Structure formats: C-alpha cells, structure tokens
Amino acid sequence: MQNLLIHNATIATSSEVFRGGVLVEGEKVARLYREGEALPSPTEASRFDAGGHLLLPGGVDAHTHFDLDVGFTRASDDFYTGTVAAALGGTTTVIDHMAFGPPGCALCHQPAVYHRLAQRAVVDYGFHGVVQHVNDEVLADMARLRDDEGISSVKVYLTYDYKLEDADVLRVLQRAKELGLTVCVHCENDAAITALRAQYVREGHTQARYHPLSRPAAAEAEAVFRTLMLAHIAGDAHIYIVHLSSKRGLAALQLARAEGQKNITAETCPQYLSLTDEKYDDDAEGLKYIMSPPLRKPADVDALWQALAAGEVDTIGTDHCPFFFATQKQRGAGDFTQCPNGAPGVELRMALLFSEGVRAGRISLPQMVRCCCTTPARVFGAAPAKGDIVPGADADFVLFDPDAEWTVRAEDLHENVDYTPYEGMRLRGRPTHTFSRGQLIAEHGVFLGNEGRGRYLRRTAHPV
C-alpha cells in the first residue's frame, strides 16, 4: 500500500486541536505534523489536501445491532448495509451486541454465528458476548470468550425474555472481575415494566403514546442503581451502563461515583440527546420511536448534555437496530407492546454530535472525539489501535466540513430502512471523507470500499 500524507487539515485528537497533517505508512499513523513543520517530499507519499477541514479519528460505535434476530422478525440492516452506512457517517469501527441464541445454548454459540454474519462487513468490527442464562459452564466459558475469541465484554439484560435475576447478575459480575471483562447492562426494572404494559393493554391503552409511560425513568433509575450496587459488591467490577436515557438514571450513577465506586462507564445515544417523548403524540408516526428505553423529557435531554460536558457520561453509541416502518413496525399498530424495539442511527451519530454538541457549544471538539472514538476503544480493549490519531494507531479518519449546513432526509441516507428518527433536522457540519486503515472508503456520500474488507477486532481485557 502506498504511503499517504493528509495535509492542510485541522486535526482534532482526544486532547487538542491543531493545524497540520498526518503521514500514513501502510495502514498505520506514522507521524503527525504541525503547521510549519517540514513535510515529506511528494515522491515519498501520495498527498491528500484536506482543504483546511477537520480531521477526526474514525468513529467507534460500541453499540450496534446488525442482522439482529428478535424471533418474529429481523433487523433490516445486515453487516454489509449497516457498516456501509457507518462508513459514510464517519464510523470506522463497530462493536456489535449479538442477539440471543437458542434456549440453553453455550456462551460461545453466538460468536460462531456472528463470525459468519459479519463476513460482509466493510469496516472493522468486534462483538460483545451475551449471557442469557447462568450456570457453571457459562461462567467457565467467559474465559474462553476472552482468550479464544478476543471478546473483552459481555452483556446482560435486566428485562426481556432472557433477563437475569440479581443472583445471576452478581455471579457474572464476580466472574468478570476475575477475568478483567466489562459487563454491559441493559438497565430497566422488568417487574415494573411488565405490570405497566399489562395494565395499559388491559385498559385498552395500546397506542404508541403509552410506550414511554410503560417504561418510566424510575424503572431505569432503579435498575441502574441496583446494577451499580451489585458491581460494587463484586469488588467494583467493570460495568458499562448502556443507553442511559434519563436524569434519574444519571443521578444513580452520580451517587455511586460520589461514594468512590470505580470502574463505571456510562453510554448515552444521540436519540436521548436530541429527541423527546413528544414524538409519541402521533399514534401512527409514534411507532417509529418505539425503542427501549423510550425517549424522555426535555429536562432529561438537558441533564445528559450537561453530564456529557462534565465527563459523567463517557461514550456515545447508537443502539442502531432498524426495522421498516411500513411493514415491520406496523406490527404494533394495534398494540404498541407488539412493535419491534429499535431505530436507525449509525450513519448520523458523528454528524449529530458535531452539530448538536460542538457547533451548539455544548461540548468541545476533543470531548466529542473522546466520547465517540477514544473512550469506547479504551473501555472495550480496542485501544491503542483504534480511537485516536496517534503514531502507531490504525489510520482511521473522518474528514468533516464544519460549515456544511444540511437537512436530514431518509432518502439521502444509506441505512437499509424507510425512515430516520431525525427527519427534517437541520445540521451544521458533515462528514465528507472516511479513511479505514489508510484506505479512502467513502467520499461525499459514495461508498468506495469493497464488501468484506472489514477485519475482526480481537480485544484485550482489563488487567487483573
């Protein structure tokens, strides 16, 4: 592979912003140049003029659900269409949450399935293990997952069909602590949700507007607090709270940290930073926003932005899990509890955080880099190869035009779905070029790479 020099760029790393360039040798960052320093001669590397635009590390989305089988239907983006959309949005690495396997299956059953599904990926990828029941074999196989598969994280659910009871969650956390694994947790109180959903259906309240009422912020907050206390009992096991959506859930997190608890990471998603529960007011269109947790109040949005700026929320994932509105989502037209949970977003994450965060003055550019790139790579053992522009890292970049103003329209996006939750939003700043391991794979909305070029990312656990 020919060496590449990207010059005349405004480079944003996790710690600073400066004018300069980046020399790529093979697939790796060889050197960063600051404005005024001597650059290699034209014969030593092909040159790419960034035109003064922003050069950020390629995004790391640690929460996607490609090709997710939910039993009665399947997510509409597979690993090809989903990663193409990711690439066009500036994301060069995804860590996918695998679906549940057959009842009683071994812990390493799903990685074998997902290695086959992901062969078409166009960006680099990893997997989170999924624990759907707990016994001695599963706990033993957590070591195999780490050592043989290079998977440094497992996910447990406190709701849905394969939810774990507290005793089993504690066993997983204790074993994870021994192995240096991170435990990702979907935090909602299942008993409260089950009772409320049954109540609303019994009373004939089956419209989309009852979805957020059936999954209140208090149900999230209780489960966040319970999870954190179990992690503390397990010796401050590494815990990752996925898709934090509420001010109350955030308060539970703040309390645990104030008490000195370590090894806590929290994620939120663009939908919880830019949309509110008014979207459910239209009972027909509201099905587009059936996701769990649901959209919250403006006060929750404000609290999450403030927490992001303060470093209390660490990462931004998308929870990308799309279903066609005209067909799959209509399963919930007569009963919101039957609607598949999830929404698209992998293509817009970087643009939304730049526009609504950086351009709006809520966070700085290095803060965006940390929450969208550096921290997820570090937490899940993908650093130092991924997540920042430093010598020795993979040459994963996204070039941003910071002044581009544009309106989000589903027809202009590449996610394999017939809508976007962000339809009509006016954004400032847009990804223009994406480089993956030194190769230009996306340019002005056109994918230039090859199917299957993505590589499986083996990750390392925390020291024990």
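This is a conversation about how to read several features of a predicted model.

Biologist: I would like to begin with the sheet, so how many strands form it, and in what order do they stand?

Modeller: In this predicted model, 8 strands form an open sheet, and reading across it gives the order E6-E7-E8-E9-E10-E11-E12-E13, with parallel pairing. Strand E6 (59–64) and strand E13 (315–316) stand at the edges, and because each has a single partner strand, one side of each is left without a neighbour in the sheet.

Biologist: Which residue stands opposite Ile-95, and over how many bridges do E7 and E8 pair?

Modeller: Strand E7 (residues 91–97) pairs with strand E8 (residues 124–130) over 5 bridges, in the parallel sense, and within E8 it is Gly-126 that stands opposite Ile-95.

Biologist: Which helices lie across these strands?

Modeller: Helix H2 (residues 109–117) lies across E7 and E8, and runs at about 155° to E8. Further along the chain, helix H8 (residues 247–258) lies across E11 and strand E12 (264–268), where the angle to E12 is about 160°.

Biologist: How should I read a single helix, for instance H4, and what does H4 pack against?

Modeller: One can begin with the span: H4 (residues 166–179) has 14 residues and reaches 20 Å from its first C-alpha to its last, close to the 20 Å expected at 1.5 Å a residue. Next come its buried residues, which are Val-169, Leu-170, Val-172, Leu-173, Ala-176 and Leu-179. These buried residues pack against helix H3 (136–149), strand E9 (153–157), strand E10 (182–186), helix H7 (217–233) and strand E11 (239–241). Just after H4 comes Gly-180, which takes a positive phi of about 80°.

Biologist: How many disulfides does a search of the whole structure find, and why is Cys-373 not bonded to Cys-372?

Modeller: The search finds 0 disulfides, and the general idea is that a disulfide needs two cysteine sulfur atoms within 2.5 Å. The sulfur of Cys-373 has its closest cysteine sulfur in Cys-372, at 5.7 Å, which is too far for a bond. For Cys-184 the closest cysteine sulfur is in Cys-187, and at 10 Å that is also too far for a bond. Cys-184 is buried, with a relative accessible area of 0%, and Cys-373 is buried at 0% too.

Biologist: Is Met-425 buried or exposed, and where is its place?

Modeller: The general idea is that a residue counts as buried under 20% relative accessible area, so Met-425, at 17%, counts as buried. Its place is in the loop between strand E14 (397–407) and strand E15 (426–436). Met-425 and Thr-407 are 18 residues apart in sequence, yet their C-alpha atoms are 5.6 Å apart in space. Beyond its neighbours within four places in sequence, Met-425 is in contact with residues including Ser-274, Leu-352 and Glu-356.

Key:
Residues are numbered from 1 along each chain as its sequence is written. This is a predicted model: local features need pLDDT of at least 70, side-chain atom pairs count only at pLDDT 80 or more; totals for chains, interfaces and linings use all residues. Side-chain values use heavy atoms; hydrogens and water are left out. Helices (H or I, at least four residues) and strands (E, at least two) are DSSP runs, numbered from the N terminus. Buried means under 20% relative accessible area, exposed over 50%, partly exposed in between (1.4 Å probe, protein chains only). Contact means heavy atoms within 4.5 Å. The expected span of a helix is 1.5 Å times one less than its number of residues. Two strands pair if DSSP finds at least two bridges between them. Axes are lines fitted to C-alpha atoms, for helices over the stretch in contact, and angles run from 0 to 180 degrees between N-to-C directions.
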